[in-house]
Amino acid sequence: MNQIKSVAIVGLGAVGAVVAEQLLSVLGNKLYCVMDAERKLRYQASGIIINGKRADFNFVTPDEVPVVDLVIFATKNLQFNEALEEAKNAVGPNTALLSLLNGVHSETEIERVYGAEKTLYGFIVNLQSINKHGNIDCAGRGIILFGEKDNNRSERIEAIHQLFEVSHITHKIPENIRLEMWKKLLMNTVFNSIGAICRSTFAGFNFPVMQSLVRKIGNEVIQVANAEGFALTNEDLEENLRLTCNYTPLGKCSMLQDIEAGRKTENAYFCGTISKLGKAHRIPTPYCEFLGELIEGTELARELQKKLS
């Protein structure tokens, strides 16, 4: 794979739309945004607004998308099984598959469906993007980290690097992509969960009480990661805290956005993952369990209120 000439993106929300916008000027109509027929008609009529500017992508249904060089998954975990099915016509013998989902499980699912030989590992960090019904405000486009499972600097990794370079997509190819994924899981489990329950913008993490919560929950994630073979440290947690405190003060984590919009959260993939793995390793995770239960309870109470109103 000397060059990436065609890309399909599945998931056109706060992550996918921002990445697609950057790829559009390079790929043109060879950038395919895959979605169901109803959503396609809606977006063709209204477009997607990113920072006040309309972006008209090449919207296609799963039946219309051709085989491409690269598929990028940018949905939430809750929609991922559907996304895997929607991508099937885009996947040929030489197609590479890259997930930008939160957590550490999507690559395993891609391998199960399409094979390990097609699967890359990746995620996005530092994205500051809020999606309100196709109107996206993006204060920071983030950094995509990606690589092979074995960290080999392969031909397809180089091809994606070249595509991202000409598309002005900030990216890194780390020495150990799976360790970096655990660092992202650390950030998501701590800051998404606390932000959602406390209804706090990023500025709130400057409060000492919030930082105390960060360290208690983060310590549990670090212990579980170490048991899984990934050398997370307290220094990683403190760096995450420093970064979060310097984000746009009124910015909100994605889980808080989900809570406010009435959407189901990715709680099961954050606190839920740590609690499950903690049990497997006999590592107590009381803070993660409690925080996870609070978020689940919040969601259930909200659904009950809808039914009763």
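The following legends describe close-up views of a predicted model.

**View 1. A salt bridge between lysine 76 and aspartate 258.** The side chains of these two residues, Lys76 and Asp258, meet with an N-to-O distance of 2.7 Å. Lysine 76 belongs to the loop between strand E6 (70-73) and helix H3 (80-86), while aspartate 258 belongs to helix H9 (residues 254-261), so the pair ties together parts that are 182 residues apart in sequence. Lysine 76 is partly exposed, with a relative accessibility of 26%. Aspartate 258, by contrast, is buried, and its relative accessible area is 2%.

**View 2. Salt bridges between sequence neighbours, and a network of shared partners.** Glutamate 117 and lysine 118 form a salt bridge through their side chains, at 3.7 Å from N to O. Glutamate 117 is exposed at 53% relative accessibility, whereas lysine 118 is buried at 13%. Arginine 302 and glutamate 303 also form a salt bridge, with an N-to-O distance of 3.7 Å. In this pair arginine 302 is buried, at 16% relative accessibility, and glutamate 303 is partly exposed, at 34%. Elsewhere, Lys76, Asp258 and Arg263 are joined into one network by salt bridges that share partners. The count of salt bridges in the model comes to 21.

**View 3. Strand E8 with its partners E7 and E9.** Strand E7 (residues 96-99) and strand E8 (residues 119-132) run parallel and are joined by 2 bridges. Leucine 98 has leucine 120 in E8 as its bridge partner. Strand E8 also pairs with strand E9 (residues 135-147), here in the antiparallel sense and over 11 bridges. Within this pairing, asparagine 131 stands opposite isoleucine 136 of E9. In a regular strand, side chains alternate between the two faces of the sheet.

**View 4. The surroundings of serine 129 in strand E8.** Serine 129 has its place in strand E8. The residue serine 129 is buried, with a relative accessible area of 8%. Leaving aside residues up to four places away in sequence, serine 129 touches Ala14, Val18, Ile136, Asp137, Cys138 and Gln257. Valine 214 is 85 residues from serine 129 in sequence, and the C-alpha atoms of the two are 22 Å apart in space.

**View 5. The packing of helices H7 and H8.** Two packed helices are described by the angle between their axes and the distance between the axes. Helix H7 (residues 208-227) packs against helix H8 (residues 234-245) at an angle of about 140°, and their axes are 10 Å apart. Angles over 145 degrees would count as roughly antiparallel; H7 and H8 are therefore oblique to each other. Their crossing is right-handed. On the H7 side the contact is made by Gln211, Val214, Arg215, Gly218, Asn219 and Ile222, and on the H8 side by Asn234, Leu237, Glu238, Leu241 and Cys245.

**View 6. The crossing of helices H10 and H11.** The axes of helix H10 (residues 271-280) and helix H11 (residues 286-308) come within 9 Å and cross at roughly 140°. That angle makes H10 oblique to H11. The crossing in which H10 passes H11 is left-handed. Cys271, Ile274, Ser275 and Lys279 are the residues of H10 that meet Cys288, Glu289, Leu291 and Gly292 of H11.

**View 7. Alanine 227 in helix H7 and its contacts.** Alanine 227 is found in helix H7 and is partly exposed, at 37% relative accessibility. Not counting residues up to four places away in sequence, alanine 227 touches His281 and Ile283. Along the chain, alanine 227 and isoleucine 283 are 56 residues apart, and their C-alpha atoms are separated by 8.8 Å.

**View 8. Glutamate 155 in helix H5.** Glutamate 155 lies in helix H5 (residues 155-166). With a relative accessibility of 44%, glutamate 155 counts as partly exposed. A distance of 21 Å separates the C-alpha atoms of glutamate 155 and phenylalanine 73, which are 82 residues apart along the chain.

How values were computed. Residues numbered from 1 in each chain as written. Predicted model: local features only at pLDDT ≥ 70, side-chain atom pairs only at ≥ 80, totals over all residues. Heavy atoms only, no water. Salt bridge = Lys/Arg side-chain N within 4 Å of Asp/Glu carboxyl O. Helix = DSSP H or I, 4+ residues; strand = E, 2+ residues; numbered from the N terminus. Buried < 20%, exposed > 50% of the residue type's maximum accessible area, 1.4 Å probe, protein only. Pairing = 2+ DSSP bridges. Axes fitted to C-alpha atoms, helices over the stretch in contact; angles between N-to-C directions. Parallel < 35°, antiparallel > 145°, perpendicular 65-115°, else oblique. Left-handed = near helix turned anticlockwise from the far one by under 90°. Contact = heavy atoms within 4.5 Å.
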